[in-house]
Amino acid sequence: MDVEMVKVGILGSGEVGRALGKGFVSRQHEVKIASRTPNSDKLKTWVDQAGKHASTGTFADSAAFGDILVLATNGSAIEAAIDLAKPQNFNGKLVIDVTNQLDFSRGPPPGMLYSPTDSLGQRVQRKLPSAKIVKCFNTVPNSQMVDPKFKDVEMMICGNDPAAKQQVMKILKEFGWKGAIDIGGIENAGWLEAFVPLWARVGMSLNTWDHVFKVVR
Ligand SMILES: NC(=O)c1ccc[n+]([C@@H]2O[C@H](COP(=O)([O-])OP(=O)(O)OC[C@H]3O[C@@H](n4cnc5c(N)ncnc54)[C@H](OP(=O)(O)O)[C@@H]3O)[C@@H](O)[C@H]2O)c1
């Protein structure tokens, strides 16, 4: 597949940020992962393993660097992370929102911080009105985001901008996904976020953590 090289700023250096970052680098894109501690040993190891197109920076460095941005922070920190990244760095850009609003205050399995009708996806879109937020990858574990072992599963995505969703579908194909099911505008993000407490309960029942949900039709 012929895909042009893009610069990707990944806001978040947890398992998700590092897995997607490695995925983008493996497809010849340039990646700068953001952290409040960009020179940590964890990230030095990640850069060494990911290769010459990988780097780290502050949230503001990474957001300014990326033509495409990925939000991969802890769900409760997303607004603080955007402030660190500077909202103007998001203007007009595709922003892939991978975050989940998991509430562990009562222990596992998690509940939700807000509700399906006031999701992180909507909160981010409200905070960044000129960014093109596409909710994607949040329903699958980081181990399956790139080169998934389940080859016949479609990712579920949503967002307001049709061209941005097309761009995300191209990225999904690059990463080895069969395709995507577009469930509509960003007002649907909470229903994708609501998958994840269920995903955790299924994991606890089956004692498996690389499972995904598949739409059969
Ligand atoms: N783990 C999975 O398989 C999976 C799958 C799908 C979706 N998700 C969702 O993806 C997101 C990332 O998950 P994760 O497991 O990779 O990591 P995580 O532990 O949920 O979050 C780690 C990231 O959050 C940042 N962070 C925490 N507090 C912050 C604050 N006050 N200001 C700025 N940044 C802050 C950390 O920044 P520093 O580097 O500066 O510490 C770190 O980069 C979450 O929303 C999660 O629910 C996870």
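Hi everyone. Let me start with a definition: a residue counts as buried if 20 or more other C-beta atoms lie within 10 Å of its own, as exposed if 12 or fewer do, and as partly exposed in between. Please keep that in mind, and also that this is a predicted model.

Let's put the definition to work on Gln 28. Is Gln 28 buried, exposed or partly exposed? There are 13 other C-beta atoms within 10 Å, so Gln 28 is partly exposed. You'll find Gln 28 in the loop between α1 and β2. The backbone deserves a look here too: phi is positive, at about 70°, although Gln 28 is not a glycine.

Lys 86 tells a similar story. Phi of Lys 86 is near 75°, again a positive value in a residue other than glycine. Lys 86 lies in the loop between α4 and β5, which covers 94–97. With 13 other C-beta atoms within 10 Å, Lys 86 is partly exposed.

Now let's step back to the whole chain. The protein chain has 7 helices and 10 strands. The radius of gyration is 16 Å, close to the 17 Å that the globule rule gives for 217 residues, so the chain is as compact as a globular protein of that length. Taken along the principal axes, the C-alpha atoms fill a box of roughly 40 × 35 × 35 Å. Buried residues account for 42% of the 217 residues. As for contacts between residues at least 6 apart in sequence, 73% of them join residues at least 24 apart.

On to the strands, beginning with β2, residues 30–34. How many of the 5 residues of β2 are buried? The count is 4 of the 5, so β2 is largely enclosed by the rest of the structure. On one side of the story we have β1, residues 7–11, which runs parallel to β2 and is joined to β2 by 5 bridges. If you'd like a pair to click on, Gly 9 has Lys 32 in β2 as its bridge partner. To get from β1 to β2 the chain passes through α1, and this β-α-β crossover is right-handed.

β2 also pairs with β3, residues 54–57, in the parallel sense, over 4 bridges. Two pairs to look for there: Ile 33 has Thr 56 in β3 as its bridge partner, and Ala 34 stands opposite Gly 57 in β3. The connection uses helix α2, residues 41–50, and β2, α2 and β3 together make a right-handed β-α-β unit.

While we're on β3, which residues make up its covered face? Those are Ala 54 and Thr 56, while Ser 55 and Gly 57 form the uncovered one. As a reminder, in a regular strand the side chains alternate between the two faces of the sheet.

Next, the ligand. There are 24 residues around the ligand, and those that come nearest are Gly 14, Ser 35, Arg 36, Ala 77 and Asn 100. By class, this shell has 9 nonpolar, 13 polar and 2 charged residues. Two helices to highlight are α1, residues 15–26, and α4, residues 78–85, since each supplies at least two residues of the shell. We met α1 a moment ago, in the crossover from β1 to β2.

A few more spots before I finish. Where is the cis peptide bond that runs from Pro 108? The bond leads to Pro 109, and omega is near -5°. Pro 109 lies in the loop between β6, residues 102–103, and β7, residues 111–112.

Then there are two distances. Arg 201 is found in helix α7, residues 189–206. Arg 201 and Pro 110 are 91 residues apart in sequence, and their C-alpha atoms are 8.5 Å apart in space. Arg 201 is partly exposed, with 13 other C-beta atoms within 10 Å.

Ser 143 sits in the loop between β8, residues 132–135, and β9, residues 154–159. Ser 143 and Val 124 are 19 residues apart in sequence and 25 Å apart in space, C-alpha to C-alpha. Ser 143 also has 13 other C-beta atoms within 10 Å, so Ser 143 is partly exposed.

That's my tour. Thanks for listening!

How values were computed:
Residues numbered from 1 in each chain as written. Predicted model: local features only at pLDDT ≥ 70, side-chain atom pairs only at ≥ 80, totals over all residues. Rg over C-alpha atoms; globule rule 2.2 N^0.38 Å. Contact = placed C-beta atoms within 7 Å. Near = placed C-beta within 6 Å. Nonpolar A, V, L, I, M, F, W, Y, C, P; charged D, E, K, R; others polar. Pairing = 2+ DSSP bridges. Right-handed = clockwise from strand over helix to strand, strands pointing away.
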